[in-house]
Structures are given as C-alpha cells and as structure tokens.
Amino acid sequence: MTIYEYNVDKMNGTTQALRDYQGKVVLIVNTASKCGFAKQFSGLEELYKKYKEQNFIVLGFPCNQFLNQEPNSNEEIAEICQLNYGVTFPMFAKINVRGQEQSPLFGYLIDETGGKKIKWNFTKFLINRDGTVAKRYGSTVTPAEIEDDIKSLLKK
C-alpha cells in the first residue's frame with residue numbers, strides 16, 4: 001500500500017485523492033494552531049516554497065486531540081494559518097490521528113513507521129515519490145532539521 005490509496009477531506013468539504021500527488025515528495029504533518037510548536041508552520045512554509053518547483057509538497061492535517069490546541073473550525077484554522085504564518089501549502093479538514101475515530105491515512109502512516117501512536121502535534125511523515133513512507137519525525141524536530149532528507153529524496 002501507499003498513501004495513494006487514500007482520500008482526505010479538504011477544509012471546504014470536498015474530497016482530495018492523495019493519488020493526485022503521485023511523483024511528488026510529500027511531507028504530512030498533524031498540526032494545531034494553538035500548540036507551542038505552531039511556529040513550525042513558518043518553517044514548513046519555507047520548505048514548501050523552496051522546493052515546490054521540484055515536486056515537493058507539504059500537507060497539513062489539523063488535530064484537536066492534544067490538550068484542545070486546535071478547537072477552531074476548519075475555516076478559522078485556514079485563516080489563522082494564512083494570516084499568522086503565511087501558509088500556502090494545502091491544509092485539510094480537522095482529523096483524529098489516534099483512537100477509535102483515527103484517520104485511515106494516519107493509521108497507515110503509523111503502521112508503516114513501527115506502530116507507535118502519535119504523542120503530540122507536529123509529528124511529520126516524509127513520503128517517497130512512490131507514495132511509501134520514508135521517515136517519521138517527532139514534534140521537536142524542526143522543518144529545517146529535515147531539509148537534507150527532503151533534498152535527498154528529491155534527487156531520486
């Protein structure tokens with residue numbers, strides 16, 4: 001399996017097929033605008049702008065499962081991310097990354113990286129051009145710290 005098997009909900013209520021990102025290096029992140037790591041939005045945006053012409057994309061998935069740090073509606077989240085951090089990469093509808101209502105996509109990402117549940121916001125999954133998971137990064141790993149891994153995958 002790959003991420004291309006999944007469809008996800010966009011903030012506007014429509015559905016996005018992840019197969020539309022075939023051939024791209026993808027960074028999937030669970031986000032929260034009220035989290036102490038929210039400053040990472042800026043770093044994620046920098047990576048996106050720097051490498052998007054080389055077929056790289058960041059996909060943000062807001063989640064409110066960690067200390068109620070994303071209580072806003074999808075519309076409010078989109079506005080906060082754009083106004084406060086200049087986010088232009090795709091942000092999707094709020095999801096659950098663990099528990100009974102876990103997003104199937106995140107279930108797959110977790111299974112592919114050893115099965116350990118997500119502990120906090122801004123866990124990142126780097127995806128190869130073929131849609132398979134290359135690496136998982138914890139919340140404290142900044143976007144700048146994974147730039148070399150992104151560059152390496154872009155060269156393949």
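A disulfide is a pair of cysteine sulfur atoms within 2.5 Å. By this criterion the structure, a predicted model, holds 0 disulfides. The legends below begin with the cysteines and continue with the sheet, the aromatic pairs and the salt bridges.

**Figure 1. Cys35 and Cys63, two cysteines outside any disulfide.** The closest cysteine sulfur to that of Cys35 belongs to Cys63 and is 10 Å away, too far for a bond, because a disulfide requires sulfur atoms within 2.5 Å. Cys63 likewise takes part in no disulfide, the nearest cysteine sulfur being that of Cys35. Cys35 is buried, with a relative accessible area of 6%. Cys63 is buried too, at a relative accessible area of 1%.

**Figure 2. The open sheet of 4 strands and helix H1.** The strands follow the order E4-E3-E5-E6, and their pairing is mixed. E4 and E6 form the edges, each of them pairing on one side only. On average, neighbouring strands of this sheet are turned by 15° against each other, direction ignored. Strand E3, residues 25–31, pairs with E4 in the parallel sense over 7 bridges. Within this pairing, Leu27 has Val58 in E4 as its bridge partner. Helix H1 packs on the sheet and touches E3, E4 and E5. The direction of H1 makes about 150° with that of E4.

**Figure 3. The tilted aromatic pair of Phe41 and Tyr85.** A pair of aromatic rings is described by the distance of the centres and the angle of the planes. The structure holds 9 aromatic pairs. In the pair shown here, the ring centres of Phe41 and Tyr85 are 5.2 Å apart and the planes stand at 35°, a tilted arrangement. The two residues belong to distant parts of the chain, 44 residues apart: Phe41 is in helix H1 (residues 40–51) and Tyr85 is in helix H2 (residues 74–85). Phe41 is buried at 0% relative accessibility, whereas Tyr85 is partly exposed, with a relative accessible area of 21%.

**Figure 4. The tilted aromatic pair of Phe66 and Trp120.** The ring centres of Phe66 and Trp120 lie 5.6 Å apart, and the angle between their planes is 45°, so the pair counts as tilted. Both residues are in loops: Phe66 in the loop between strand E4 (56–62) and H2, Trp120 in the loop between helix H3 (104–112) and strand E5 (124–127). The pair therefore ties together parts that are 54 residues apart in sequence. Phe66 is buried, with a relative accessible area of 2%. Trp120, by contrast, is partly exposed at 25%.

**Figure 5. A cluster of phenylalanine rings.** Ring pairs join Phe61, Phe92, Phe106 and Phe125 into this cluster.

**Figure 6. The salt bridge of Lys49 and Glu45 in helix H1.** Side chains of opposite charge can pair when their charged atoms come close. A search of the whole structure finds 4 salt bridges. In the one shown here, the side chains of Lys49 and Glu45 meet at 3.9 Å, N to O. The two residues are 4 residues apart in helix H1, about one turn of the helix. Glu45 has a relative accessible area of 4% and is buried.

**Figure 7. The salt bridge of Glu147 and Lys50.** The closest N and O atoms of this salt bridge are 2.7 Å apart. Glu147 lies in helix H4 (residues 147–155) and Lys50 in helix H1, so the contact ties together parts that are 97 residues apart in sequence. Glu147 is buried, with a relative accessible area of 16%.

**Figure 8. The salt bridge of Lys135 and Asp149.** Lys135 and Asp149 form a salt bridge in which the closest N and O atoms are 3.5 Å apart. This pair links distant parts of the chain, 14 residues apart, with Lys135 in strand E6 (residues 133–137) and Asp149 in helix H4. Lys135 is partly exposed at 40% relative accessibility. Asp149 is also partly exposed, at 27% relative accessibility.

Technical notes:
Residues numbered from 1 in each chain as written. Predicted model: local features only at pLDDT ≥ 70, side-chain atom pairs only at ≥ 80, totals over all residues. Heavy atoms only, no water. Phe/Tyr/Trp six-rings, centres within 6.5 Å; stacked < 30°, edge-to-face > 60°. Buried < 20%, exposed > 50% of the residue type's maximum accessible area, 1.4 Å probe, protein only. Pairing = 2+ DSSP bridges. Axes fitted to C-alpha atoms, helices over the stretch in contact; angles between N-to-C directions. Contact = heavy atoms within 4.5 Å.
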